[in-house]
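Visitor: I'd like to take a close look at one part of this protein and then see what else there is to find. Could you walk me through it?

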Amino acid sequence: MAPPHKITDVETDHETKPGRFSKDFSYHLSRESKLRQKSLLKEATSYLTADPELISLAAGLPSSQLFPIEKITAEVVIPKNAFHRTGIWDHDGLSGIGRISKGKTDIANGKSNYDLTRALQYEQGAGSSQVLTFVKEHMARIHNPKYLDWNCILTGGNTQGMETIFRMLLNPGDTLLLEEFAFPESVEGLRPLGLNLVGITVDDEGLSADILEDTLLNWDLKFPSKKRPHVLYTVPTGQNPTGATMALERRRRIYDICVKFDLLIVEDDPYYFLQLSEYVSGSDDVKVPITSEEFISSLVPSLLSIDVEGRVLRLDSLAKIIAPGLRMGWITGNEKLLERIVRHNEVGLQCTSGVSMAVIHGLFNDTWGQEGYLDWLVNLRADYTSRRNAIVGACEKYLPRDVCRWVLPQAGMFLWIQLDYTKHPDASKGIECVETEIFKRALANKVVILPGGWFKVNPEYSGAFFRATYAAASNQEMDSAIQCFAKTVRESFGL
Ligand code: PMP
């Protein structure tokens, strides 16, 4: 069961509820975050939310009668029930069409518990409680957090959520640990905050627990001039750009190391539901789970679900599983930390876009329901599995194995191809030089594929890599692109 939504009164009933509560990590907060006060105007609005009969002469909320948007309707996909099948995907699970509709008087008419009068109005910093009710039920079912005072707040997507979290936890001069290759926008957002970014070596399963532990044990020797880190930022599933997914054992070890060295964990997990089905070389069949329980238990448990102390702040995004332009996601974590984010939202984001919240409520709550959402996600998994299989099949067909190596992506949208640059004629000029030469040559051969160096966190990194995505191109296009890339590699290495 998801907890009731109560970010702003976090101190209540902790003594009376049985079970375990999160620890107080307020000593990890940045100076900026500690200074944030509650917004007085938002407090006035919360009185109205609690008692709709109050007559408000308080906050500057425009009358909903003057919102010129009377209704939003949208044609949406109604995913077919993915679970009553033979266990093999039949490629048409995303084809049914239905309609969602949100008007101004849907609550008064008993049609829905959320309508445009609410959605288009100013909202509390945590976002719509009606949308959050759905989200929390979903999070409870999928991640089942292990302490009582967890909660969720809506974001404008993970980029926005991360920016807020980093400002909440880090002062200029602080050190942040992350994977040695990272999503450029997170790194670009972090550098101007005046942080020391230290990239931890990754292997086929993502961030190396051994190197993380060794780095923390020997911090003062390795980085005598840098402050000890107190935050780890990680993308554990289908990492961007490496495509790596940590297995449960790796996640447990990383969590334990973070407990030992008292690091908070920012779990950025937009690819969680793109955990793919198995790959069988030469087969077009895509296996799908046949019950929702089987689907849920096939997902690698998140760091949030391992966390017993409330030291993980988890970011989920709708960008990769519904649509990036909605700019919507949520943060799940301990209420004491979330309360600081709400305070920040009150003077920044205010709240997630009302149009996006209305559309998502119409889709999730009024139309799909929890099971329909899982149907959508299973069909999506199958579609991405088919794409992943196509690109991996093309790699097997064309890439010269004496200089190319790749790991089968278990999740996400990215294939990470490693080149043995030591065999390249220009090896002595360094990894970046080899990558750049191949990048330019591939462009001339009409393929854009991104060099690993574009994602580096540290000045030095551990090998020559290229990131290819299988998210958008057709199977035929991927086949041609990998064939061209293989030709490029052969030319460049003089094979
Ligand atoms: N984190 C990672 C690891 C990503 O790959 C991306 C998208 N490329 C994002 C965050 C951005 O997510 P959003 O669109 O929700 O801001």
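Guide: Let's go straight to Lys-104 and its surroundings. Leaving out neighbours within four places in sequence, Lys-104 is in contact with Ser-64, Gln-65, Phe-67, Ile-69, Glu-70, Asp-115, Leu-116 and Thr-117. Keep in mind that this is a predicted model. Lys-104 sits in the loop between strand S2 (96-103) and helix H3 (116-119). Is Lys-104 buried or exposed? With a relative accessible area of 11%, Lys-104 counts as buried, because the cut-off for that is under 20%. Now look at what its side chain does. A polar atom there lies 2.9 Å from the backbone oxygen of Ser-64, and the side chain also reaches the backbone oxygen of Phe-67 at 2.6 Å. There's a link to Lys-71 as well: the two C-alpha atoms are separated by 6.7 Å, although the residues are 33 apart along the chain.

Next, try Thr-175, which is found in strand S4 (residues 175-179). Thr-175 is buried, with a relative accessible area of 0%. Its side chain makes a polar contact with the side chain of Asn-196 at 3.5 Å. A polar atom of that Thr-175 side chain also lies 2.6 Å from the backbone oxygen of Lys-227. Not counting residues up to four places away in sequence, Thr-175 touches a list of residues that includes Leu-170, Val-198, Trp-219, Pro-229 and His-230.

On to a whole strand. In S3 (residues 150-155), six of the six residues are buried. Both faces are covered: Trp-150, Cys-152 and Leu-154 are buried on one side, and Asn-151, Ile-153 and Thr-155 on the other. S3 pairs with strand S11 (residues 329-334) in the antiparallel sense, over six bridges. One of the residues to find here is Trp-150, whose bridge partner in S11 is Asn-334.

Asn-334 is a handy stepping stone, as it turns up again at the start of helix H12: a side-chain oxygen of Asn-334 reaches to within 2.8 Å of the backbone nitrogen of Lys-336. H12 (residues 335-346) has twelve residues and reaches 16 Å from its first C-alpha to its last, close to the 16 Å expected at 1.5 Å a residue. Eleven of those twelve residues are buried, so H12 is largely enclosed by the rest of the structure. Among the buried ones are Leu-337, Leu-338, Ile-341 and Val-342, along with Glu-335, Arg-340 and Arg-343.

Now for a sheet. Four strands form an open sheet in the order S12-S13-S15-S14, with antiparallel pairing. S12 (404-406) and S14 stand at the edges with a single partner strand each, so one side of each is left without a neighbour in the sheet. S12 and S13 run antiparallel and are joined by three bridges. In one pair you can look up, Arg-405 has Gln-418 in S13 as its bridge partner. Helix H13 (residues 354-398) packs on this sheet, touching S12, S13 and S15, and its direction makes about 20° with that of S13.

Another helix to visit is H14 (residues 431-444), where 14 residues reach 20 Å from first C-alpha to last, close to the 20 Å expected at 1.5 Å a residue. Its buried residues are Ile-431, Val-434, Glu-435, Ile-438, Phe-439 and Ala-442. Seen down the axis of H14, these buried residues fall within an arc of 135°, so they line one face of the helix. The face turned away from that buried side carries the exposed residues Lys-440 and Ala-444. What covers the buried residues of H14 includes strands S13 (414-419), S14 (450-451) and S15 (464-469), plus helix H15 (475-493). After H14 comes Lys-446, whose phi is positive, near 75°.

Let's finish with some backbone details in loops. Asn-240 and Pro-241 are joined by a cis peptide bond, with omega about 20°, and Pro-241 is found in the loop between strand S8 (231-234) and helix H9 (248-260). Asp-262 isn't a glycine, but its phi is positive, near 55°. Asp-262 has its place in the loop between H9 and strand S9 (264-268) and is partly exposed, with a relative accessible area of 23%. Arg-327 has a positive phi too, near 50°. You'll find Arg-327 in the loop between strand S10 (312-317) and S11, and it is partly exposed, with a relative accessible area of 37%.

Technical notes
Residues numbered from 1 in each chain as written. Predicted model: local features only at pLDDT ≥ 70, side-chain atom pairs only at ≥ 80, totals over all residues. Heavy atoms only, no water. Helix = DSSP H or I, 4+ residues; strand = E, 2+ residues; numbered from the N terminus. Buried < 20%, exposed > 50% of the residue type's maximum accessible area, 1.4 Å probe, protein only. Polar contact = N/O pair within 3.5 Å; in protein donor to acceptor, adjacent residues only side chain to side chain. Contact = heavy atoms within 4.5 Å. Expected span 1.5 Å × (residues − 1). Arc of directions from axis to C-beta. Pairing = 2+ DSSP bridges. Axes fitted to C-alpha atoms, helices over the stretch in contact; angles between N-to-C directions.
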